[in-house]
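Here is a quick tour for anyone opening this one for the first time. Have a look at the sequence and the model, then read on.

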Amino acid sequence: MADYTFAFQTSTTHAGFLKAPSLEASPDAPYVIAGIPWDGCVTNRPGTRFGPYEIRRSSHMLCDGTHTLWPVSPLGHIADAGDLTLPNTSLERMREALMPQASALLAKHHMVWLGGDHSITLPLLRAYRAHHGRPLAIVHFDAHCDTWTDHFGEPSGHGTWVHEAISEGLIDPRLTVQVGIRSSAEKSTAEYVRDRGGLIYTSRDLRGLVNRTQLQSVIDEVRTRLAGEPVYLTLDIDCLDPAYAPGTGTPEPGGMSSSQVLTLLEEWVDLNWIGMDLSEVSPPYDHAQLTSNAAAHFVWTYLCGRVRG
Ligand code: MN
Ligand code: MN
């Protein structure tokens, strides 16, 4: 295999997520983290190739205690596979290289993928679709609907994957839930998922709804819709307001708070999650690790929910 270990793939030479052991040291870990340091498909500001490294670094302050809702820690259940070995040449070459590595990992472990721009989610969904043998349910946190049908003249990018995943039968549109959507878009793009039977909660729908009581109808509607289905979680950090997550390539004002996202992740803990990715953390635009801290905390919450017993 070609050596693609350039300077940006520094994750693999540092302590893993929560300082977890490497996958080599702990090959049977049920939960595994892997980085996808790719930003070849950003449309505005680049930098998400540095995301996995910085999310891991931020996670290191979470490794000395248990969660406050569920008294557990993921440590002892997780390993870190480092970053996937990927070329930064073209989207096609990156996805070709990603597929066999991702397929092998998700066949054996419950995976958490650290992006990377959001174009990583399409090949991951192809791998999950093949593994599960059926279209998946998905919960998609994002400021953007990612249902555009072209990427500035190219067929695929970081804003097209939802449209592609539905067209390819990777996800069931009736089992697709979008949360935090607010960017400008044509009506047919913005309502693409709803027009095909899915659920959209825009950040306007969620204004002022933060705690469990306030969010109860959203929590219940999604729980009922996705009960028993294999659900994939994709969390674009720009779902958060830029006040909470300035370090991202396409920030959109008027977004969610960290508490809103955490309430939903906590209340949806009993869904049948099959894996997750966290995309679009762009450390060059971050301040005081605000964005990578939020990302690390969301991943930690997801993992604590999985190992809570
Ligand atoms: Mn996105
Ligand atoms: Mn986005």
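## A buried aspartate

Asp236 is tucked away: with a relative accessible area of 2%, Asp236 is buried (buried means under 20% relative accessible area, exposed over 50%, and partly exposed in between, using a 1.4 Å probe and protein chains only). Asp146 counts as buried too, at 3% relative accessibility.

Before going further, a word on the ground rules. This is a predicted model, where local features need pLDDT of at least 70, side-chain atom pairs count only at pLDDT 80 or more, and totals for chains, interfaces and linings use all residues. Residues are numbered from 1 along each chain as its sequence is written, chains are lettered from A and ligands numbered from 1 in the order in which they are written, and side-chain values use heavy atoms, with hydrogens and water left out.

## The manganese site

What coordinates the manganese ion (ligand 1)? His118 does so through ND1, and Asp142, Asp146 and Asp236 each through OD, at 2.1 to 2.2 Å. Donors here are N, O and S atoms within 2.8 Å of the metal (3.2 Å for Na, K and Ca); water is not among the atoms, so sites may look incomplete. Along the chain, the donors of this ion follow the spacing H-x23-D-x3-D-x89-D.

Asp146 and Asp236 link distant parts of the chain, 90 residues apart: Asp146 is in the loop between strand E4 (136-141) and helix H4 (161-167), while Asp236 is in strand E7 (residues 230-236). Helices (H or I, at least four residues) and strands (E, at least two) are DSSP runs, numbered from the N terminus. There is a second manganese ion (ligand 2), and Asp142 bridges the two ions, which lie 3.3 Å apart.

## Salt bridges

How many salt bridges does the structure hold? There are twelve, a salt bridge being a side-chain nitrogen of Lys or Arg within 4 Å of a carboxyl oxygen of Asp or Glu. One of them joins Arg126 to Glu168, with the closest N and O atoms 2.7 Å apart. Arg126 lies in helix H3 (residues 121-132) and Glu168 in the loop between H4 and strand E5 (171-181), so the pair ties together parts that are 42 residues apart in sequence. Arg126 is partly exposed at 29%, and Glu168 is partly exposed at 39%.

## A linked network

Asp220, Arg223, Glu267 and Asp270 are joined up in a network of salt bridges. Within this group, Arg223 pairs with Glu267 at 3.6 Å between the closest N and O atoms. Arg223 sits in helix H7 (residues 216-226) and Glu267 in helix H8 (residues 258-267), so this contact ties together parts 44 residues apart in sequence. Arg223 is partly exposed at 26%, whereas Glu267 is buried at 14%.
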